[in-house]
Amino acid sequence: MRLVILGGPGAGKGTQAEKLCSNVSIPLLALGDILRAEIAGETDLGKFAVPYVEKGELVPDEILIKFIGRRLLLWDVFNGWVLEGYPRTAFQAEELDFLLNDLAQQLDWAIWLKVPIEVLLSRSIDRARSDDHPEILQRRLDLFHERTIPLLEYYEYRNKLLTVNGDQSPEQVQQELLKLIEAKG
C-alpha cells in the first residue's frame, strides 16, 4: 500500500501517519526526516539543500523529488509506505506520479484530513511551536488553502482521493481512515 497523507498545519498528519504505519506495518516516509538525513549524511544531494534550509527557505521541488526518489529505492519500502509532508502542490503531486511511474510503482491513495480552518488555527496555537504565532499561522493557512484546492482536484480527478473527517479525536480519525482504506481495498 502506497499512501500520501494531506492536511493543513495542525490537521494531525504526523500523528495519523504514524498510527497508520503502525496499524498496517509499513514505513513512514516523513519528508522532514528524509531531508534531515540527507543533510546530516552530507550527501552530494543533501549539500544542495543546506543553503535553503539555513536561510529558512523552501528546498526546490527538483531537489525534494530526488530525495524522495532515493528513499523509495531502499529495501524497507518494497511492500508500501506512507509519505507525509509531500506533496503540497499539484505540481509536486504530478512529479511524484512521474517518479513512481519510473520506479514501476503506483500511489494507491491520497488521504485528505479535512479540518476546518478555525480548528487548524486553534490546534496550531495550542501546540505552541516557535513558528506558530497567530499572524504566521494565518499566512501558512492562507498559503495552504491556495495550494490545496488544486492538489485535491488533482487526486480527485484521478480517483485517488480519500477524505477523512480530521475534526475528531485521533483514535476516531484513525478508525475512520482504516475503515475507508479497507472498504476501498
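These are my notebook entries on what I looked up in this structure, which is a predicted model.

**Entry 1: strand E1**

I began with strand E1, residues 2-6. Five of the five residues of E1 are buried, so the strand is largely enclosed by the rest of the structure. I then sorted the residues by side. Arg2, Val4 and Leu6 lie on one side of E1, Leu3 and Ile5 on the other, and they are all buried, so both faces are covered. In a regular strand, side chains alternate between the two faces of the sheet.

Next I looked up the pairing. E1 runs parallel to E3, with four bridges. Within that pairing, leucine 3 stands opposite valine 82 of E3. E1 also pairs with E4, again in the parallel sense and over four bridges. There the bridge partner of valine 4 is alanine 110.

**Entry 2: the nonpolar cores**

Which residues of the largest nonpolar core touch the most other members? I noted Val4, Trp81, Leu96 and Tyr155, out of 32 residues in that core. The elements that each supply at least two residues to this core are E1, helix H2 (31-40), H3, H4, strand E3 (81-84), helix H5 (90-102), strand E4 (109-114) and H7. I also recorded a second, separate core of 20 residues, which includes Cys21, Leu120, Val173 and Leu177.

I followed leucine 96 further. Not counting residues up to four places away in sequence, leucine 96 touches Val4, Ile65, Ile68, Leu83, Tyr86, Pro87 and Tyr155.

**Entry 3: tyrosines 154 and 155**

I searched the whole structure for aromatic pairs and found one. The pair is formed by tyrosine 154 and tyrosine 155, with the rings edge-to-face. Their centres are 5.2 Å apart, and the planes meet at 85 degrees. Both tyrosine 154 and tyrosine 155 are buried.

Tyrosine 154 has a charged neighbour as well. The charged end of arginine 158 sits over the ring of tyrosine 154, at 3.6 Å from the ring centre.

**Entry 4: helix H4**

I listed the buried residues of H4 as Ile63, Leu64, Ile65, Phe67, Ile68, Gly69 and Arg71. What covers them includes strand E2 (28-30), H2, H3, E3 and H5. In an α-helix there are 3.6 residues a turn, so residues three or four places apart point the same way.

I stopped at the arginine in this list. Is arginine 71 buried or exposed? Arginine 71 has 17% relative accessibility and therefore counts as buried, the cut-off being under 20%. Arginine 71 is part of helix H4. Leaving aside neighbours within four places in sequence, arginine 71 is in contact with Leu29, Ile34, Asp76 and Val77.

**Entry 5: annotated positions**

I checked the UniProt record, an unreviewed entry, for the feature "binding site". The record places this feature at Arg36, Glu57, Leu58, Val59, Gly85, Tyr86, Pro87, Arg88, Gln92, Arg129 and Arg140. Tyr86 and Pro87 also appear among the residues that leucine 96 touches. I looked at two of the annotated positions in the model, Leu58 and Arg140.

Leucine 58 lies in the loop between helix H3 (44-54) and helix H4 (61-71). Its relative accessibility is 65%, so leucine 58 counts as exposed. Beyond its neighbours within four places in sequence, leucine 58 is in contact with Tyr52 and Arg147.

Arginine 140 is in helix H7, residues 134-157. Arginine 140 counts as partly exposed because its relative accessibility is 23%.

**Entry 6: helix H8**

I finished with two residues of helix H8, which covers residues 170-184. Lysine 179 is one of them. Lysine 179 counts as exposed because its relative accessibility is 61%. I also looked up a distance from lysine 179 to asparagine 23, which is 156 residues away along the chain. The C-alpha atoms of these two residues are separated by 12 Å.

Leucine 180 is in helix H8 too. With 23% relative accessibility, leucine 180 counts as partly exposed. Which residues does leucine 180 touch, not counting those up to four places away in sequence? I found Leu162, Thr163 and Val164. For a second distance I took leucine 180 and aspartate 76, 104 residues apart along the chain. Their C-alpha atoms are separated by 25 Å.

Terms used:
Residues numbered from 1 in each chain as written. Predicted model: local features only at pLDDT ≥ 70, side-chain atom pairs only at ≥ 80, totals over all residues. Heavy atoms only, no water. UniProt positions renumbered as here; feature names shortened; annotations may be inferred. Buried < 20%, exposed > 50% of the residue type's maximum accessible area, 1.4 Å probe, protein only. Contact = heavy atoms within 4.5 Å. Core = buried A, V, L, I, M, F, W, Y, C linked by side-chain atoms within 4.5 Å. Phe/Tyr/Trp six-rings, centres within 6.5 Å; stacked < 30°, edge-to-face > 60°. Lys NZ or Arg CZ within 6 Å of the ring centre and 35° of its normal. Pairing = 2+ DSSP bridges.
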